[in-house]
Amino acid sequence: MSHRPRKRFGQNFLQDVDVIARIVGAIAPRTGECLVEIGPGLGAITCPLLRSAGRLNVIELDRDLIPALERRCAGLGTLIVHQGDVLAFDLSSLSPEPGSLRVIGNLPYNISTPILFHLLGQREWIRDMHFMLQREVVDRMGAAPGSRDFGRLSVMVQYHCEVTPLFGIGPGAFRPQPKVESALVRLTPRPCPAGRADPVSLDAVVRAAFSQRRKKLSNTLKPLFDRPALVAAGVDPDARAETLGLADFVALAKALGR
Ligand code: SAM
């Protein structure tokens, strides 16, 4: 039975066999690893992952896809289906060892940023993550200070993870075709995030600093710091957020002292 892709679930199914093989090759799944796929859809990457790993957890919101998915995966290995919203999914329910889960997904682009933040909050369980995302989101994740793409997503993802953009994927690899270019990215949680700032303080500082990116920090951070406090944290009050490095944001989060 054919499935009509649902826009509200961000359904753009991978169909290019060469691209699928390249993605699975970059992930290089092995027997015995604990793999979790977000949004398996009709199984484009699920089937080859299952064939290599022998066992795979999947989290899928659209219950109508699940019978076809199970049929396609029959005989390839143990498929464990969690029907529901990944944004409400607790990775620790899979009883993983800390730092063991390999998370994979051609993510629904409409909610990719909330999914990333949800997973960063559970990073202690994760060994690595491979995601297909809008190329623009991958560019923002990997952006360096001073670049146009550097923002809240760059700081928060780089604080928690090493970011490795892998390769671009054109719209023709999907059905239906998205309007944007895509890319595969690898995120590897750092064993010990740079500087160990309190994540709530870091989030507060980064949100405020980038709330109006053209304004000086003395303005955007006024609710949190006066000028002397910024100077004491080693930050120029007349600078803009996009010129600060990760270490500066960590210093500010520590100075906030929450
Ligand atoms: N992995 C398939 C592929 O590559 O062909 C499908 C990818 S499609 C871009 C995104 C998938 O995520 C869909 O199967 C969609 O139903 C599912 N999805 C959307 N929102 C979700 C959510 N909140 N939680 C879990 N799955 C979700």
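A polar contact is a pair of N or O atoms within 3.5 Å; within protein, one must be able to donate a hydrogen and the other to accept it, and residues adjacent in sequence count only if both atoms are side-chain atoms. The model is predicted: local features need pLDDT of at least 70 and side-chain atom pairs pLDDT 80 or more, while totals for chains, interfaces and linings use all residues. Residues are numbered from 1 along each chain as its sequence is written, and side-chain values use heavy atoms, without hydrogens and water.

**View 1. Polar contacts of the ligand with leucine 14, proline 40 and glutamate 60**. An oxygen atom of the ligand lies 2.8 Å from a backbone N or O atom of leucine 14. For glutamate 60, a polar side-chain atom is 2.5 Å from an oxygen atom of the ligand. A nitrogen atom of the ligand lies 3.4 Å from a backbone N or O atom of proline 40.

**View 2. The cis peptide bond between arginine 175 and proline 176**. Omega of this bond is about -10°. Proline 176 belongs to the loop between β8 (174-175) and β9 (182-189); strands are DSSP runs (E, at least two residues), helices are DSSP runs (H or I, at least four), and both are numbered from the N terminus.

**View 3. Alanine 28, a residue other than glycine with positive phi**. Its phi is near 50°. Alanine 28 sits in the loop between α1 (17-27) and β2 (34-38). Most residues other than glycine have a negative phi, and most peptide bonds are trans.
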